[in-house]
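Colleague: Got a minute to walk me through this model? I'd like to go over the ligand shell, the helix packing and any odd backbone spots.

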Amino acid sequence: MAHCEVLLEFSGFLVSPAISNYAKVRSNIFLRIMEKIKITIGIVGCGNIVQMVHLPVLLNIRNVDIRFLYDVDMEKSKALAESFKLPYIMDKEEINRKNVDCILVATPYGSREDLYKIITPQKTALFIEKPVILSEKDVQAFKDNGLFERSFSGFMRRHYSNTNILKDFIGSMFHKIKRITVSEGSKTTAVSKELSYQTSGALSGGGILAETSCHLLDQVVYMLPGADYKIDNCFIVYDGDIEVHAKAKIVLIKDGVSIPIEAEFSRLKELPNEISVDFGDMILKSGIVPGDKVSICLNSGETHQIDYNPFFAINSYQAFYLEWISVINAIKSNIPSVNALSKTFQSGLIIESLRDYSNTKGTFKRI
Ligand SMILES: NC(=O)c1ccc[n+]([C@@H]2O[C@H](COP(=O)([O-])OP(=O)(O)OC[C@H]3O[C@@H](n4cnc5c(N)ncnc54)[C@H](O)[C@@H]3O)[C@@H](O)[C@H]2O)c1
């Protein structure tokens, strides 16, 4: 996990190594590793993302105490729990009795309603894998159930080095942006894998928009916080009840400046998997995997690569690690998290608006 694996606990909250190095220089008192934070976590859903990323990451964070694993497929949770020597529960009604600080919800979007109802009475935080919000109705349900302020979304790209380098450029120069282009096509792991829930519109949240575009749209929202938006165009291709292709023009409006976003997502064809920001005299580009560097392409044809920002992630484990640290710090020390649901729901509302536009205007086809 390179630089991220040594996140230390100072003064009761977790900090990145760059900050801790700075702190070390400032005062020896910070050399003392504090062990004030202890967080209890329960995990609901024991599929790929938990097995491949969340569990390995959580088991490497000091002071995380995993109190239970639960999956509707009990053989799966039992086998996983036994292999990691962790407790498991067989009955979802037991979730409340465990009284943990945080529940990781890593089940498909369409399977969560019962769970949200069960944990409503608790003072437990929820870290929910994406997609979390896909409509105003979802936002309202979180608010009505008292979950909105204590939930976090699994948008780990907010912790990538490339996302944050782009954010820094865009934040200071957004008035110069001519156009942002985002696209993701069939060759990415996320969309090429036909997981069981991805073949169901109801479970996946509808297909390509919920599964894939939510990440890229969230990155745009993260880079331009506080922007309003309107939909200029959206064309969606459905296979049965699943969206398999979407092409859209969205306009983000911030401080009177309108920024056109061209977006295309596809399970049907290859597309550049990238974010590109056109400033007129130069284009900034990055791929969508954490190790991708940001390139500056000048109109003269010259291209420069920007080195990584060492505060952020350059591989997926680091990104999930930083995401968890951010959530733990928010739960235990009230430090604002970039993954808070209150800061991450807007991409879901953009997705709802894209669908509404396509339905209302009849700009869709079925194959
Ligand atoms: N952040 C990311 O980049 C990323 C990557 C992959 C998956 N995800 C998201 O994580 C979620 C899970 O994805 P996955 O790849 O692990 O899927 P998966 O199909 O491998 O696992 C899902 C698990 O949830 C269990 N489950 C279903 N309904 C349940 C219920 N009501 N109660 C308890 N368990 C239930 C299933 O039995 C299964 O074991 C999805 O929402 C997906 O979009 C996010």
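Modeller: Sure, one term up front: a crossing is left-handed if the near helix is turned anticlockwise from the far one by less than a right angle, and right-handed if clockwise. Keep in mind that this is a predicted model.

Colleague: With that in hand, what is the handedness where helix 2 passes helix 11?

Modeller: Start with the geometry: the axes of helix 2 and helix 11 (residues 316-333) come within 10 Å and cross at roughly 55 degrees. That angle makes helix 2 oblique to helix 11. As for the sense of the crossing, helix 2 passes helix 11 in one that is right-handed.

Colleague: Which residues of helix 11 make that contact, and how do the residues of the contact divide by class?

Modeller: Helix 2 brings V53, H54, V57 and L58, and they face S316, Y317, F320, Y321 and W324 of helix 11. Split by class, the contact of helix 2 with helix 11 comes out as seven nonpolar, two polar and no charged.

Colleague: Now the ligand. Which helix gives the most to the shell around it?

Modeller: There are 25 residues around the ligand, and G45, G47, I49, S111 and E129 come nearest. By class, the shell has 12 nonpolar, seven polar and six charged residues. The top giver, with three residues, is helix 2 (residues 48-58).

Colleague: And which domains does the shell draw at least three residues from?

Modeller: The shell takes at least three residues from each of two domains. They are domain 1 (2-154) and domain 2 (157-314 + 336-366).

Colleague: Moving on to helix 7 and helix 10: are they parallel or oblique?

Modeller: Helix 7 (residues 161-173) packs on helix 10 (residues 208-223) with the axes 9 Å apart and an angle of about 40 degrees. Angles under 35 degrees would count as roughly parallel, and 65 to 115 as roughly perpendicular. That makes helix 7, relative to helix 10, oblique.

Colleague: Which residues of helix 10 meet helix 7?

Modeller: From helix 7 you get T163, L166, K167 and I170. By class, the contact of helix 7 with helix 10 holds four nonpolar, two polar and one charged residues. On the helix 10 side, the partners are Q219, Y222 and M223.

Colleague: Why are helix 10 and helix 13 oblique to each other?

Modeller: Their axes come within 8 Å, with helix 13 spanning residues 346-361. Angles over 145 degrees would count as roughly antiparallel, and 65 to 115 as roughly perpendicular. Helix 10 and helix 13 are therefore oblique, crossing at roughly 125 degrees.

Colleague: How many charged residues does the contact of helix 10 with helix 13 have?

Modeller: The crossing is right-handed. L209, A210, S213, C214, L217, D218 and V221 in helix 10 meet Q346, S347, G348, I350, I351 and L354 in helix 13. Eight of the residues in this contact are nonpolar and four are polar, while the charged count is one.

Colleague: Last bit, the backbone. Where is the cis peptide bond?

Modeller: Look in the loop between strand 6 (125-128) and helix 6 (136-144), where P131 lies. Omega is near -5 degrees for the bond from K130 to P131.

Colleague: And which residue has a positive phi although it is not a glycine?

Modeller: Check the loop between helix 4 (94-98) and strand 5 (102-105). The residue there with phi of about 50 degrees is N99.

Key
Residues numbered from 1 in each chain as written. Predicted model: local features only at pLDDT ≥ 70, side-chain atom pairs only at ≥ 80, totals over all residues. Near = placed C-beta within 6 Å. Helix = DSSP H or I, 4+ residues; strand = E, 2+ residues; numbered from the N terminus. Nonpolar A, V, L, I, M, F, W, Y, C, P; charged D, E, K, R; others polar. Domains from an automatic or database assignment. Axes fitted to C-alpha atoms, helices over the stretch in contact; angles between N-to-C directions. Contact = placed C-beta atoms within 7 Å.
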